[in-house]
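The following exercises concern the structure shown below. Each task is followed by a solution that proceeds step by step.

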Amino acid sequence: MFTKILIANRGEIACRIASTARRLGIQTVAVYSDADAQARHVQMCDEAYRLGPAPARESYLLGDKILEIAQATGAQAIHPGYGFLSENETFAQAALDAGIKFIGPPPSAINAMGLKAESKRLMHEAGVPLVPGYHGADQSPELLAQQAQAMGFPVLIKASAGGGGKGMRIVQSAEEFAAALASCKREAAASFGNEDVLVERYLTRPRHIEIQVFADSFGECVYLFERDCSVQRRHQKVIEEAPAPGMTQERRAAMGAAAVAAAKAVGYEGAGTVEFIAEPDGRFYFMEMNTRLQVEHPVTEMITGLDLVEWQLRIASGEPLPLKQEALQIHGHAIEARIYAESPETGFLPSTGTLNHLRTPHATQFVVDISHPVRIDSGVREGDTISPFYDPMIAKLIVWGSDRNAAIQRMANALHAYEILGLKTNVDFLGRLMTSKPFMEADLDTGLIERDRAHLLPEPAALDDTVLSLAAAAWIALEQKHAPKNADPLSADPFDKRNGWRATLPLERTLQMSAAGSLPTPSAWQELIVSYSAGRSALPSLTLRHTKGTTTCIGSLQWIGEHLSGLAGSQAFQLRPLREADTLHLYGLPGHQAVRVFDPLGVRSAQGQEASRLTAPMPGKVIAVLVSPGQTVKKGEPLLVMEAMKMEHTIHAPADGKVGELPFAVGAQVQEGAALLSLQS
Ligand code: MV4
């Protein structure tokens, strides 16, 4: 076994690898960019070396510099993690030439699987099933159209050199074929410098099922079963699980055998994933092979009880596969949710910023521990920032259950206990996804999120009376908790005001609240009249009068640590309130609620006045301006498109209005927070 390895990555995967290395007594060398000088992965390793400035091109992608560091530190091997250099054939070859073991497959296998048409040809020869289609060299439009006709519409035209959904055209009928082919070829030439295409039968409801394989240097290969990664959005995986719902023993064995054949056909070594798309009836076809450890490997670890990084290290150091196929077994069900710094409400724009508050559910970290069914893999801590330079993933939350329903319940509970303030996250969205009907019924395919949009991405609605009541109780209890002994009567901080319920009983006060996601327009405010009376505990009893005339009595209010418990009518509650500027977050309910509280004594939030200014959610480049000054637009209409973090983001109108000034033209670089345009209502 190695005694020292270099980890050529950052974030959660660098920490994940360091964790196993430490357990096995292997020394670790970290590398970092200027943005990561204080990152968790640097802290978790034994040595750390600077690569360069924050952009990956000037740091984590500097293969030669990384090899120099490996040689200088005496590291015998390099673990590339995923992304960055993990599937870079040139780097794998350079490591080999430098006498340093690349923890991954041989460069020839990376190369063979990297070329789409070539890999399909190899797979066909190895007997791995492919989507019925034409993958040939003759690219004449007449022949392609004829092939399409023969396989039957709808068909899919794909750029041979493409990937990740780029350069694909769905064609419904023969009449549309010629135009779609021409457009696909144009895009392929522009994006990949190669206009060759392939034509396949189009599967309308595909599932993404992938098989984890491991091969050693003695030519042995096993499969560690499947993962279902169908729940994705624009080719970004959102939820992964293992085993795949509805998988039969026969199908599993057939897919496993096909994956092993695929790996053997390219002389594979180490960890790899063979991706298939599957039809509703279970028929499956090879898509591509990922020649690295994948983000979602923990679900396989949870159902097999194995540490896949340990397997990688053993195999790379020349040991045989730790277990034979017959010894591998599936126990229970595991689900992974990717927690991202992004805003589902605004089209999933990444949200950069500081993790001002970060509290996770009870969990173990990084490695499998069957006695702990909740695991979190994360490279960030409270106080760290999510920068625009790298993938905005905050954490992977992985749960295990004896069956799928138990795992779903555990995931829903864990998501509800996750507290993240300082930036927008997809945690609530994931919570809705987990308990959505199609997900719970395992009606999975790659279109699930889009089809269930209405439920998964609801418009912010008015707060119901229960939430209003609990929010009022929490706001007042927090005021009491934070009130200084000698409050300054002139302070603008509402927490300095005690509102004197002790001094003059009874006391009435009006609280205005609105759903945090709603626009701060006057009509969004909901009013509540609160009257206080002395309770038996330190906190008052409250009578809350709603606009409709109904009342709620809040009694037995008390703090139990950071939780506020009490009775709303006869309904017991226990919640954890957290205040972030004018927003009150209520955790611990079934779900997280965010309530904006308007305190006439407090300082008016800048957000209210600036609502008509649309600001850049992140630094980036303007790539399209879709409106002009003076134009009237409808709510939801696309206004402007930005490119940031290698993705396109469309800015939509938050309400009906008229476009004011447009300070940025196409091509302009904008800073985070820059006013992109103003909208008059
Ligand atoms: C397909 C398909 C349906 N029919 N091929 C998307 C990415 C690229 N690598 C291949 N992809 C697809 N190919 C045929 N013949 C549907 C997809 C597809 C998809 C595949 C896997 C995971 C997610 C996906 C999301 C949308 C479309």
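**Exercise 1: The ligand and its surroundings**

Task: Identify the polar contacts of the ligand with Glu200, Arg201 and Leu203.

Solution. Step 1: a polar side-chain atom of Glu200 is 2.9 Å from a nitrogen atom of the ligand; a polar contact is a pair of N or O atoms within 3.5 Å. Step 2: a backbone N or O atom of Arg201 lies 2.7 Å from a ligand nitrogen atom. Step 3: a polar backbone atom of Leu203 lies 3.0 Å from a nitrogen atom of the ligand. Step 4: the protein covers 89% of the 530 Å² of accessible area that the ligand has on its own (Shrake-Rupley method, 1.4 Å probe).

The model is predicted: local features need pLDDT of at least 70, side-chain atom pairs count only at pLDDT 80 or more, and totals for chains, interfaces and linings use all residues. Residues are numbered from 1 along each chain as its sequence is written, and side-chain values use heavy atoms, leaving out hydrogens and water.

**Exercise 2: Strands around the ligand**

Task: State which strands each supply at least two residues of the shell around the ligand.

Solution. These are strand 7 (155–163), strand 9 (197–201) and strand 16 (284–290); strands are DSSP runs (E, at least two residues), numbered from the N terminus.

**Exercise 3: Thr364**

Task: Decide whether Thr364 is buried or exposed.

Solution. Step 1: Thr364 is found in strand 22 (residues 364–365). Step 2: its relative accessible area is 14%, and buried means under 20%, exposed over 50%. Step 3: Thr364 is therefore buried.

Notes:
A polar contact is a pair of N or O atoms within 3.5 Å; within protein, one must be able to donate a hydrogen and the other to accept it, and residues adjacent in sequence count only if both atoms are side-chain atoms. Helices (H or I, at least four residues) and strands (E, at least two) are DSSP runs, numbered from the N terminus. Buried means under 20% relative accessible area, exposed over 50%, partly exposed in between (1.4 Å probe, protein chains only).
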